[in-house]
Each structure stands twice: as C-alpha cells, then as structure tokens.
Amino acid sequence: MFDQLEILSMARGLATHSAARQSVVAQNLAQADTAGYKARDLASFGESYRASSGLALRSTRAGHIADSTPPPALRPHVERGIDGDPNGNTVSIESQMVKSAEIRTQHEMALSVYRTTLGILRTTLGRR
C-alpha cells in the first residue's frame, strides 16, 4: 500500500538519478587526463522523470522480467559546447566538482523527502 505513494517513488527516482549522475561524473574525473575523452552527463531529473513516468515496464510480481536497460534519460550523453584541451579532452575538473556538489544536494533532498514522508506516515498511524 505505501510503496505506491507517488512522493516516495519520486524520492526514489531522484536518489536513483543522483546515483547514476554521480557515477558519470566520477567516470569523467577518472578520464580527466585521457586524450580525446569527451565529458558526459545525464539529462536533468525533471526531464528524466517526465520521460519515464507511466511509460516504463513495471515488474509487480516476482515472476515478471524487469527491463534491465536504463531509460533513455539515464543514459549518458556527451556534453556539447565545451572547449577542450589541445589533446581533445573536454573534462573540466572544476565543473565536475560543482556538479558533484549539486548531485549531493539532490541526493540529500531525496533522503529528506523520504524521511519526512515516513515520519508523517508514522504520526498518522500513531507510532510516534
């Protein structure tokens, strides 16, 4: 019953998006000295949420086969419009660190929404 609350699925989606984006940023930082590497990023959470709401396959029982491919919005794309180094690398460590801080804020927001919603549910049930 409580696993179908829209606010909880949205918080879970934001946490999942934050984790996927943090992985992409970590890969960018790991390739900061690789010649020809192009920095990648994910679409914003808003775009990915709108793109995936209601269209994704859902596995509601243990026998269902879940779709293992990430939705298109969670697939990294090459960032455009960035001047690169002479060796063709477009990773800027400063911009990746700013993105990392932004991702951390989004993840903390998802956890805060989840925690607050659970507190409201506990209060409603009289277990607080």
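This is a short tour of a predicted model, stop by stop, with something to select at each one.

**Stop 1: the whole chain**

Start with everything in view and colour the chain by secondary structure. You should find 3 helices and 2 strands. Follow the chain from the N terminus, and the elements come in the order α-β-α-β-α. The protein chain has 128 residues, and buried ones make up 25% of them. If you switch on a surface, you are looking at about 9,100 Å² of accessible area, with 56% of that area belonging to carbon and sulfur atoms.

How far apart in sequence are the residues that touch? Counting contacts between residues at least 6 apart in sequence, 78% join residues at least 24 apart. Keep that in mind for the stops ahead, where several pairs come from separate parts of the chain.

**Stop 2: helices H1 and H3**

Now select residues 6-30, which form helix H1, and residues 93-125, which form helix H3. Two packed helices are described by the angle between their axes and the distance between the axes. Here the angle is about 160° and the axes are 9 Å apart. Angles over 145 degrees count as roughly antiparallel, so H1 and H3 are roughly antiparallel to each other. Turn the view until one helix lies in front of the other: H1 passes H3 in a left-handed crossing. The residues in this contact divide into 14 nonpolar, 9 polar and 3 charged.

**Stop 3: Ser18**

Stay with H1 and pick Ser18, which has its place in that helix. Is Ser18 buried or exposed? Its relative accessibility is 1%, so Ser18 counts as buried. Show the residues around Ser18 and, leaving aside neighbours within four places in sequence, you will find contacts with Ile103, Gln106 and His107. The stretch 93-125 that you selected earlier is helix H3, so look for those partners there.

**Stop 4: helices H1 and H2**

Keep H1 on screen and add helix H2, residues 45-52. What angle do H1 and H2 make? They pack at about 125°, with their axes 10 Å apart. H1 and H2 are therefore oblique to each other. This time H1 makes a right-handed crossing as it passes its partner H2. To see the contact itself, select Glu6, Met10, Gly13, Leu14 and His17 on the H1 side, then Phe45, Ser48 and Tyr49 on the H2 side. By class, the contact of H1 with H2 has 4 nonpolar, 3 polar and 1 charged residues.

**Stop 5: Arg75**

Next, move along to the loop between helix H2 and strand S2 (77-78), and choose Arg75. With a relative accessibility of 41%, Arg75 counts as partly exposed. Draw a distance from the C-alpha of Arg75 to the C-alpha of Ala20: the two residues are 55 apart in sequence, and the gap in space is 8.8 Å.

**Stop 6: Asn87 and Thr34**

For the last stop, select two loop residues together. Thr34 is found in the loop between H1 and strand S1 (40-41), while Asn87 has its place in the loop between S2 and H3. Thr34 has a relative accessibility of 33% and so counts as partly exposed. Asn87 is also partly exposed, because its relative accessible area is 39%.

How are the two loops placed in space? Thr34 and Asn87 are 53 residues apart along the chain, with 8.4 Å between their C-alpha atoms. Add Tyr37, and you have another pair: Asn87 and Tyr37 are 50 residues apart along the chain, and their C-alpha atoms are separated by 8.9 Å. Finally, show what Asn87 touches. Not counting residues up to four places away in sequence, Asn87 is in contact with Ala35 and Gly36.

Definitions and conventions: Residues are numbered from 1 along each chain as its sequence is written. This is a predicted model: local features need pLDDT of at least 70, side-chain atom pairs count only at pLDDT 80 or more; totals for chains, interfaces and linings use all residues. Side-chain values use heavy atoms; hydrogens and water are left out. Axes are lines fitted to C-alpha atoms, for helices over the stretch in contact, and angles run from 0 to 180 degrees between N-to-C directions. Helices (H or I, at least four residues) and strands (E, at least two) are DSSP runs, numbered from the N terminus. Angles under 35 degrees count as roughly parallel, over 145 as roughly antiparallel, 65 to 115 as roughly perpendicular and the rest as oblique. A crossing is left-handed if the near helix is turned anticlockwise from the far one by less than a right angle, and right-handed if clockwise. Ala, Val, Leu, Ile, Met, Phe, Trp, Tyr, Cys and Pro count as nonpolar, Asp, Glu, Lys and Arg as charged, and the others, Gly among them, as polar. Buried means under 20% relative accessible area, exposed over 50%, partly exposed in between (1.4 Å probe, protein chains only). Contact means heavy atoms within 4.5 Å. Accessible areas come from the Shrake-Rupley method with a 1.4 Å probe; for residues, only the protein chains shown count as cover.
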